[in-house]
Amino acid sequence: MQTPIYLDNNASTRVDPSVLEAMLPYFTTDFANPTNVLHLPGRTAAAAIELARSQVASAIGAESSEITFTSGATESNNIAILGVARRAVGRFRHIITSSIEHSAVLEPCRQLEREGFRVSYLPVDSYGRVDPALVEQEIGEETFLVSVMAANNEVGSLQPVAEIGSICRNHGVLFHTDAAQALGRIRTSVDDWGADLLSISAHKHYGPKGAGALYVRKGASQLLSPLQYGGHQEHGLRPGTPAVPLIVGLGAACHLASTKLDEDQRRLEYLRESLRAIITDAIPDAVVNGHPLERLSGLLSLGFPNLDGDLLVHDLDRVAVSQGSSCSSGSFRPSHVLLAMGLPDSVLRSTIRFGIGRFTTEQEVEKAGAYVIEAVKRQRAL
Ligand SMILES: Cc1ncc(COP(=O)(O)O)c(C=O)c1O
């Protein structure tokens, strides 16, 4: 079978060749444990980690000392949310988040509810955006943390994080943002966004899987408890021997993301619009989900009313895409994001996500568009 055209770059991206090249020596020649700086090989590995730390910091406008390496955005989100909650004392029992967060934020929040905390899951509008005024309304005496993602992974809507960050600052509440989809796709700045905590993941922007980081604003680190205990690595917040090659890859991918951001954004926007036009010209009732302007450039979420998304994705075996809602063993599991946006059942059931990336070509977009049109027509004829 032919290798499908890969249009699932919001799920994961290919490691950029220059990132891989930067990582390779740390598997082979420079493999020492960076915790042991008594010998030169250990110091070489430690220096590589510190370079990566400064690359990550510079990509988000932070200082190196504010970066903790983790295994990815899931772990960063868990450390941020559970870590702050474990330190919260007295009246601080309330967290605010949104109903469209990734499960890596929603699940730690649900765990905290089981432990007696109160969590508000804010609604979104039909574009999948949180209203900052609702955040302000919801903040009360007991609130200690607000966690709202920077960009949604299913429909690509950007959240008004700068407004939310400023509201949090005015009320003395910590602000965490899951920037897994943002870094490398939109300008990401902890200061402009007023973020005290920010999660990133390497594999969403051409780095390796298994690497990520948590930004913790200077001064906020004493408000966090570690979730694991062991060595003193990563400020004691994430003990264990650091994954040097992966961390080097994260650093290189962050550096590349900063230098290529404008070029990537322009190209992805162009390819996304081409794909949208090819498909919607032939299938005029296709529905584009998400905000028309405040959105990620490479992500296209399309609903095909009165089609079954599951059958469509199976039919589309020549294009690798993600499904919005899913159907397994005959039961329908609607996407919590599309559901929160209040989309009609016909769109909920038929939405698929196309994720265009740095390595997607114009020919691939044209071919993929033609395959989608064929598959939709075939499914509708059945
Ligand atoms: C918004 C968002 N947060 C968190 C994650 C989880 O990231 P990781 O795979 O690095 O744990 C993802 C990836 O799917 C994501 O899109």
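This is a conversation between a visitor and a guide about a predicted model.

Visitor: Why is alanine 253 called buried?

Guide: Alanine 253 has 33 C-beta neighbours inside 10 Å, and a residue is buried if 20 or more other C-beta atoms lie within 10 Å of its own, so alanine 253 counts as buried. Its place is in helix H8, which covers residues 244-282. Leaving aside residues up to four places away in sequence, alanine 253 touches Asp16, Val19, Ala202, His205, Tyr206 and Gly207.

Visitor: What makes serine 274 partly exposed?

Guide: Serine 274 is also placed in helix H8, but with 15 C-beta neighbours inside 10 Å it falls between the limits, since 20 or more would make a residue buried and 12 or fewer would make it exposed; serine 274 therefore counts as partly exposed. Although serine 274 and glutamate 366 are 92 residues apart along the chain, their C-alpha atoms are separated by 7.9 Å.

Visitor: What makes S2 and S4 the edges of the sheet?

Guide: The open sheet has seven strands in the order S2-S8-S7-S6-S5-S3-S4, with mixed pairing. Strand S2 (67-70) and strand S4 (118-122) each have a single partner strand, so one side of each is left without a neighbour in the sheet, and they stand at the edges. From one strand to the next, the twist averages 20°.

Visitor: How do you know that S6 and S7 pair?

Guide: Two strands pair if at least two bridges are found between them, and three bridges join strand S6 (residues 174-178) to strand S7 (residues 197-201), so by that cut-off they are a pair. The two strands run parallel, and one of the bridges links histidine 176 to its partner in S7, leucine 197. S5 and S6 also pair in the parallel sense, over three bridges, and there the partner of leucine 145 in S6 is leucine 174.

Visitor: What makes S6 a mostly covered strand?

Guide: Five of the five residues of S6 are buried. Leu174, His176 and Asp178 lie on one side, Phe175 and Thr177 lie on the other, and all are buried, which leaves both faces of S6 covered. That division fits a general pattern, in which the side chains of a regular strand alternate between the two faces of the sheet.

Visitor: Which helices lie against the strands of this sheet?

Guide: Helix H2 (residues 40-60) packs on the sheet, touching S2, S7 and strand S8 (212-216), and its direction makes about 115° with that of S2. Helix H3 (residues 73-87) lies across S2, strand S5 (143-147), S6, S7 and S8, and runs at about 160° to S7.

Visitor: How is the chain divided into domains, and which parts of domain 1 touch domain 2?

Guide: Domain 1 takes in 5-12 + 261-381, while domain 2 takes in 17-256, and their centres, taken over C-alpha atoms, are separated by 28 Å. The contact takes 22 residues from domain 1 and 23 residues from domain 2. On the side of domain 1 that touches domain 2, strand S10 (299-303) and helix H10 (336-340) each supply at least two residues, and the largest share, three residues, comes from H10. By class, that side of domain 1 has six nonpolar, 12 polar and four charged residues.

Visitor: Which residues are found around the ligand?

Guide: Among them are Gly72, Thr74, His102, Met149, Asn153, Asp178 and Ser201. The shell around the ligand divides into four nonpolar, seven polar and one charged residue.

Conventions:
Residues numbered from 1 in each chain as written. Predicted model: local features only at pLDDT ≥ 70, side-chain atom pairs only at ≥ 80, totals over all residues. Helix = DSSP H or I, 4+ residues; strand = E, 2+ residues; numbered from the N terminus. Contact = placed C-beta atoms within 7 Å. Near = placed C-beta within 6 Å. Nonpolar A, V, L, I, M, F, W, Y, C, P; charged D, E, K, R; others polar. Domains from an automatic or database assignment. Axes fitted to C-alpha atoms, helices over the stretch in contact; angles between N-to-C directions.
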